[in-house]
Amino acid sequence: MIEPVWASLFRSDHATRVAPLVVRADTAPMASPVRAAVVGAGLMGRWHADAIRHAGGTLVAGVDLDASRAVALGAPASFRELGAALQATHVDVVHVCAPLGAHENVAREALASGAHVVIEKPVAPDAERTRAILDAAQAAGRLLVPVHQFLFQRGVRRALAQRG
């Protein structure tokens, strides 16, 4: 089922018109903090690692081809490959912050492991690959959440509210 999950974060009816494409699984609330892995330790990966902590989640693994960058994310474990992180740790959600060319493979691997996926934009280089990732999420019954941080900036919220 496709449902705009972000809509519930807004208090006005305009949210349903701006909600990103998200696959929603019927999942029970988590009793413990969400355990996350970040793949890609560049600028966006560092932002995601900080956001996970700020939101009360637990960063359990940092993944980057450059091992020193993975370590710099500050997770208790660091890896050069997502597969190794998924085998060594329990991950509820994988944040895909790797270069665009890696998005599809990383997302598919995360979904196949049973993890939800938060993915930087663009999701994929084209609509066909984006659809393939979306289909994989739907088949796995996992959430696929593209990042749309601009929706939370005051100026954008104000413009959307004025648009009515």
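Helices here are DSSP runs of H or I at least four residues long, numbered from the N terminus. With that in hand, here are some close-up views of this predicted model.

**View 1. His48 and its surroundings in helix α2.** Let us start with His48, which has its place in helix α2. With a relative accessible area of 9%, His48 is buried, because buried means under 20%. The side chain of His48 is joined to that of His95 by a polar contact of 2.8 Å. Leaving aside neighbours within four places in sequence, the residues in contact with His48 are Val38, His95, Cys97, Val118, Glu120 and Val147. So His95 appears both as the polar partner of His48 and in the list of its contacts.

**View 2. The salt bridge between Asp92 and Arg35.** The structure holds five salt bridges, and this view shows one of them, in which the side chains of Asp92 and Arg35 meet at 3.0 Å, N to O. Asp92 sits in the loop between α4 (82-88) and β4 (93-96), while Arg35 belongs to strand β1 (residues 35-39), so this pair ties together parts that are 57 residues apart in sequence. What about exposure to the surroundings? Asp92 is buried, with a relative accessible area of 9%, whereas Arg35 counts as partly exposed at 25% relative accessibility.

**View 3. The salt bridge between Asp50 and Arg53 in helix α2.** We now return to helix α2, which spans residues 43-54. Here the side chains of Asp50 and Arg53 form a salt bridge, with an N to O distance of 3.4 Å. The two residues are three apart in the helix, so about one helical turn separates Asp50 from Arg53. Asp50 counts as partly exposed, at 48% relative accessibility. Arg53 counts as partly exposed too, at 36% relative accessibility.

**View 4. The salt bridge between Asp64 and Arg69.** For the last close-up, look for the side chains of Asp64 and Arg69, which meet in a salt bridge at 4.0 Å, N to O. Is Asp64 buried or exposed? At 14% relative accessibility, Asp64 counts as buried. Its partner Arg69 counts as partly exposed, with a relative accessibility of 38%.

Technical notes: Residues numbered from 1 in each chain as written. Predicted model: local features only at pLDDT ≥ 70, side-chain atom pairs only at ≥ 80, totals over all residues. Heavy atoms only, no water. Buried < 20%, exposed > 50% of the residue type's maximum accessible area, 1.4 Å probe, protein only. Polar contact = N/O pair within 3.5 Å; in protein donor to acceptor, adjacent residues only side chain to side chain. Contact = heavy atoms within 4.5 Å.
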